[in-house]
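The exercises below are to be worked with the sequence and the 3D structure at hand. Each task is followed by a solution in steps.

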Amino acid sequence: MLAPRKTDGTEPAAVTAARDALTAAQSEETKVKKHLEQLEEDLAADMGPSGVFRSLKGACISREFGEYKYELCFMEKATQISRKDNSKTSLGTFSRIDVADETSKNDAAGVFASSWEESHEEPLSGMALGYDNGQQCWNGPKRSVGVELYCSAENEIRNVVEAEKCVYRMEVGTPAACGREKRDGTARDEL
Ligand code: MAN
């Protein structure tokens, strides 16, 4: 394709320029291909019904409860941070979205439905995010979190409990959970 180098080591400037342009184009192509692969991987990942969680990926929210601050990064990871010394404990990495079927969704959607929660205006949506494979618990399982979602104008952590040793449950509000509440006239379909 390109003219061969001259034996005296020089080549026409146009050839050098063309070769440089080719190298630059090839490296750009590699970069674009990598980006495309990443986008395809993201697209293939389960991001919930109609992909509602896609735009949340990487957004983080946190809140203090007792001696810890809990941080949740949507579709990424959950962390427990000591308020005393700032040390971080992994509670898990995002592994799945659970969507309750119609029947259990309606059960889950009732206020008080999850029994451990306090009374709240916004019912749970029946959608939950699973985070697992967190830091090993001494004499117990690897830490994990079940994140139960309800509809809220803001991304927010409403509650965190350690249901069993090293098994955590969070109630988290997000606009991504709106429009799936029990349709009994009290839940809002939209914001
Ligand atoms: C830390 C925290 C607690 C957990 C214990 C288990 O203190 O992660 O939430 O119960 O470890 O040893």
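**Exercise 1: a hairpin and its turn**

Strand 7 and strand 8 form a hairpin with 2 residues between them, and Cys-166 in the turn has a positive phi of about 70°. The model is a predicted one.

Task: Find how strand 7 and strand 8 run relative to each other, parallel or antiparallel, and how many bridges join them.

Solution.
- Step 1. Strand 7 and strand 8 are antiparallel, and 7 bridges join them.
- Step 2. One pair can be picked out on the model: Glu-156 has Gly-173 in strand 8 as its bridge partner.
- Step 3. Arg-158 is also in strand 7. The C-alpha atoms of Arg-158 and Glu-171 are 5.4 Å apart, although 13 residues separate them along the chain.
- Step 4. Return to the turn. Most residues other than glycine have a negative phi. Cys-166, with its positive phi of about 70°, has the opposite sign.

**Exercise 2: the order of the sheet**

Task: Give the order of the strands in the sheet, and state which strands stand at the edges.

Solution.
- Step 1. Count the elements. The protein chain has 2 helices and 8 strands, and along the sequence they follow the pattern α-β-β-β-β-α-β-β-β-β.
- Step 2. Place the strands side by side. The 8 strands make an open sheet with mixed pairing, in the order 1-2-3-4-5-6-8-7.
- Step 3. Read off the ends. Strand 1 (60-65) and strand 7 (156-164) each have a single partner strand, so one side of each has no neighbour in the sheet.
- Step 4. Add the twist, which averages 25° from one strand to the next.
- Step 5. Check the edge at strand 1. Strand 1 and strand 2 (residues 68-73) run antiparallel and are joined by 6 bridges. Ile-61 stands opposite Leu-72 in strand 2.

**Exercise 3: strand 6 and its two partners**

Task: Determine in which sense strand 6 pairs with strand 5 and in which sense strand 6 pairs with strand 8.

Solution.
- Step 1. Strand 5 (residues 124-133) pairs with strand 6 in the antiparallel sense, over 5 bridges. Here Leu-129 stands opposite Val-147 in strand 6.
- Step 2. Strand 6 and strand 8 (residues 167-174) run parallel and are joined by 8 bridges. Val-147 stands opposite Met-170 in strand 8.
- Step 3. Val-147 is thus a useful residue to select on screen: Leu-129 faces it from one partner strand, and Met-170 from the other.
- Step 4. Look at the cover. In strand 6 (residues 144-151), 7 of the 8 residues are buried. Over the protein chain of 191 residues, 35% count as buried.

**Exercise 4: two buried polar side chains**

Task: Find which backbone atoms the side chains of Ser-125 and Arg-158 approach.

Solution.
- Step 1. Ser-125 belongs to strand 5. Its relative accessible area is 0%, so Ser-125 is buried.
- Step 2. A polar atom of the Ser-125 side chain lies 3.0 Å from the backbone nitrogen of Met-127.
- Step 3. Arg-158 has a relative accessible area of 13%; the cut-off for buried is under 20%, so Arg-158 is buried as well.
- Step 4. A polar atom of the Arg-158 side chain lies 3.2 Å from the backbone oxygen of Glu-122.

**Exercise 5: two loop residues with positive phi**

Task: Decide whether Met-75 and Asn-86 are buried or exposed.

Solution.
- Step 1. Met-75 sits in the loop between strand 2 and strand 3 (77-82), and its phi is near 60°.
- Step 2. With a relative accessible area of 5%, Met-75 is buried.
- Step 3. Asn-86 sits in the loop between strand 3 and strand 4 (88-99), and its phi is positive, about 70°.
- Step 4. The relative accessibility of Asn-86 is 59%; exposed means over 50%, so Asn-86 counts as exposed.

**Exercise 6: the ligand**

Task: List the residues that surround the ligand, and sort them by class.

Solution.
- Step 1. Around the ligand are Tyr-68, Gln-80, Cys-137, Arg-143, Glu-162, Lys-165, Cys-166 and Tyr-168.
- Step 2. By class, this shell has 4 nonpolar, 1 polar and 3 charged residues.
- Step 3. Look for polar side-chain atoms beside ligand oxygen atoms. Gln-80 has an N or O atom 2.6 Å from one, Glu-162 has a polar atom at 2.6 Å, and Tyr-168 has an N or O atom at 2.7 Å.
- Step 4. Taken alone, the ligand exposes 310 Å², and the protein buries 69% of that.

Key:
Residues numbered from 1 in each chain as written. Predicted model: local features only at pLDDT ≥ 70, side-chain atom pairs only at ≥ 80, totals over all residues. Heavy atoms only, no water. Near = heavy atom within 4 Å. Polar contact = N/O pair within 3.5 Å; in protein donor to acceptor, adjacent residues only side chain to side chain. Areas by Shrake-Rupley, 256 points an atom, 1.4 Å probe, with all protein chains shown as cover. Nonpolar A, V, L, I, M, F, W, Y, C, P; charged D, E, K, R; others polar. Pairing = 2+ DSSP bridges. Helix = DSSP H or I, 4+ residues; strand = E, 2+ residues; numbered from the N terminus. Axes fitted to C-alpha atoms, helices over the stretch in contact; angles between N-to-C directions. Buried < 20%, exposed > 50% of the residue type's maximum accessible area, 1.4 Å probe, protein only.
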